[in-house]
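Subject: Handing over a structure, with notes

Dear colleague,

I am passing on the structure below, and the notes that follow it go from the whole chain to single residues. Please read them with the structure open beside you.

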Amino acid sequence: MGKDFKSLVRCMYTGKINDNVRKLKIATEELKDIGNNVMKRVKICEEQQQMKRLDNVQSWLRQADTVIKEAEDLFLTSSSSSQGLLSSSHKMEKKICKKLKEVEDIKSRGMFEVVAENVVGGGSGSAVKTSDEETIGLEAVSGLVWRCLTMENTGTIGLYGVEGVGKTTVLTQVNNRLLQQKANGFDFVLWVFVSKNLNLEKIQDTIREKIGFLDRTWTSKTEEEKAAKIFEILSKRRFALFLDDVWEKVDLVKAGVPTPDAQNRSKVVFTTCSEEVCKEMSAQTKIKVEKLAWELAWDLFKKNVGEDTVKSHPDIAKVAQEVAAKCDGLPLALVTIGRAMTSKKTPQEWRDALYILSNSPPNFSGKMFFLKLLDRN
């Protein structure tokens, strides 16, 4: 009778151990999934945004790795213990129950809204590519925008001017310069390309990626919920927001962006073709980006064509000047068309280019010029 009773008790403990092992395995796999997701978000912030993982996130990742390893060690020993002495089975059951509670506890603390922050004073963000040639003649405007970033009474700055005049280049210069200075005073340096078809949610999505908020529930949030979350984070930090290619008023408050003022010392800088948009965006400072003077325009054009090409035939220089003049002092056209002509070393090729430009509409792009030039050749 005593032997049968012990066997019955052992079976009960074995059943409990097996049930708890199953629960522990499920909880451990769930913890692994959560940990992988957190690490993926951390790596995105560190590698793409140059941010630093939060101390509490790093601590949680270490705890998760440790408890997962301990749980896996228990899986290896639990089967043998369940077949051994009654006292051993009882001890193993207690260990498994204790480990299950630890795993569940760490799981419950793994739902991080934000996993990383910028390096103090460094300003998280990404550099935007540009070339030295495109910046010729725009240094003064870039310097003016830079000075505005240091002025307390200027929170919103609008750059306006005709298409191709170099507004994006100026914005890029300032963005990159800010990122190069480790102690720039901004917590976030954010670049958003707006474009003609305004999409507020797309702007929100770009901002949330750059501030390190990568919660999996983001896509299910409403526009208002996204705005509230962005505001919650940005209202506690100093930020510089660069908006490129704005065609109409962007309601930043609706997007969740706090209004820049002397108290938060944040800045919004945007580019637009319309001075009216500057007014609609309540820009305290409006800066018109002017076309290049002829001397600068000709120098920029020659630099992109190459002196060897310009001097390759005595008749080319005069036609080249006429082609450059057709670019109307617009850096984008001077650079694009100049580069398209770098391999053209006969007067006829240059006369063809002049003909294309002379018979093209005012908003004719460098890309279209290049395609037409290929068609003629």
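Among the contacts in the protein with a separation of 6 or more, 79% are between residues 24 or more positions apart. Please keep in mind while reading that this is a predicted model. The protein has 15 helices and 7 strands, and of its 377 residues 47% are buried.

**Helices that pack on one another**

Two packed helices are described by the angle between their axes and the distance between the axes. Helix H12, residues 316-326, is a good place to begin, since two of the contacts described here involve H12.

With helix H10, residues 294-305, the axis of H12 comes within 10 Å, and the two cross at roughly 115°. That angle makes H10 roughly perpendicular to H12, and H10 passes H12 in a right-handed crossing. From H10 the residues that take part are Trp294, Trp298 and Phe301, and they meet Ala317, Ala320, Gln321, Val323, Ala324 and Ala325 in H12. Sorted by class, this contact has 8 nonpolar residues and 1 polar residue, with no charged residues.

With helix H14, residues 347-358, the axis of H12 comes within 9 Å, and the crossing is at roughly 20°. H12 and H14 are therefore roughly parallel to each other, and H12 passes H14 in a left-handed crossing. On the H12 side the contact is made by Ile316, Val319, Ala320, Glu322, Val323 and Lys326, while H14 brings Pro347, Trp350, Arg351, Ala353, Leu354, Leu357 and Ser358. The residues of this contact divide into 9 nonpolar, 1 polar and 3 charged. Ala320 and Val323 of H12 appear in the contact with H10 as well as in the contact with H14.

A further pair is formed by helix H6, residues 200-210, and helix H7, residues 223-234, whose axes come within 10 Å and cross at roughly 35°. H6 passes H7 in a left-handed crossing. Here Leu200, Glu201, Gln204, Asp205 and Ile207 in H6 meet Glu223, Lys226, Ala227, Ile230 and Leu234 in H7, and by class these residues are 5 nonpolar, 1 polar and 4 charged.

**Helix H4 and strand S3**

In helix H4, residues 139-149, the buried residues are Val141, Ser142, Gly143, Val145, Trp146, Cys148 and Leu149. These buried residues pack against strand S3 (156-160), helix H5 (167-180), strand S6 (267-272) and strand S7 (285-288).

Within S3 we find Ile157, which is buried, with a relative accessible area of 0%. Leaving aside neighbours within four places in sequence, Ile157 is in contact with Cys148 and Leu149, and also with Val268, Val269, Phe270, Ala283, Thr285 and Ile287. Ile157 also shows how the chain brings together residues distant in sequence, for Ile157 and Met281 are 124 residues apart in sequence and 9.1 Å apart in space, C-alpha to C-alpha.

**Cysteines and helix H13**

Cys148 is buried, with a relative accessible area of 2%, and Cys327 is likewise buried, with a value of 3%. A disulfide is a covalent bond between the sulfur atoms of two cysteines; the count in this model comes to 0 disulfides.

Cys327 leads on to Ala333, which has its place in helix H13, residues 331-340. At 17% relative accessibility Ala333 counts as buried, because the cut-off is 20%. Not counting residues up to four places away in sequence, Ala333 touches Cys327 and Gly338. The C-alpha atoms of Ala333 and Phe301 are separated by 8.9 Å, although the two are 32 residues apart along the chain, and Phe301 is one of the H10 residues that meet H12.

**Two residues with positive phi**

Most residues other than glycine have a negative phi, and most peptide bonds are trans. Against that background two residues deserve a look. Ser195, in strand S4 (residues 188-195), has a phi near 75°, a positive value in a residue other than glycine. Arg265, in the loop between helix H8 (252-255) and S6, has a phi near 60°, again positive in a residue other than glycine. Arg265 is partly exposed, with a relative accessible area of 40%.

With best wishes

Notes:
Residues are numbered from 1 along each chain as its sequence is written. This is a predicted model: local features need pLDDT of at least 70, side-chain atom pairs count only at pLDDT 80 or more; totals for chains, interfaces and linings use all residues. Side-chain values use heavy atoms; hydrogens and water are left out. Axes are lines fitted to C-alpha atoms, for helices over the stretch in contact, and angles run from 0 to 180 degrees between N-to-C directions. Helices (H or I, at least four residues) and strands (E, at least two) are DSSP runs, numbered from the N terminus. Angles under 35 degrees count as roughly parallel, over 145 as roughly antiparallel, 65 to 115 as roughly perpendicular and the rest as oblique. A crossing is left-handed if the near helix is turned anticlockwise from the far one by less than a right angle, and right-handed if clockwise. Contact means heavy atoms within 4.5 Å. Ala, Val, Leu, Ile, Met, Phe, Trp, Tyr, Cys and Pro count as nonpolar, Asp, Glu, Lys and Arg as charged, and the others, Gly among them, as polar. A disulfide is a pair of cysteine sulfur atoms within 2.5 Å. Buried means under 20% relative accessible area, exposed over 50%, partly exposed in between (1.4 Å probe, protein chains only).
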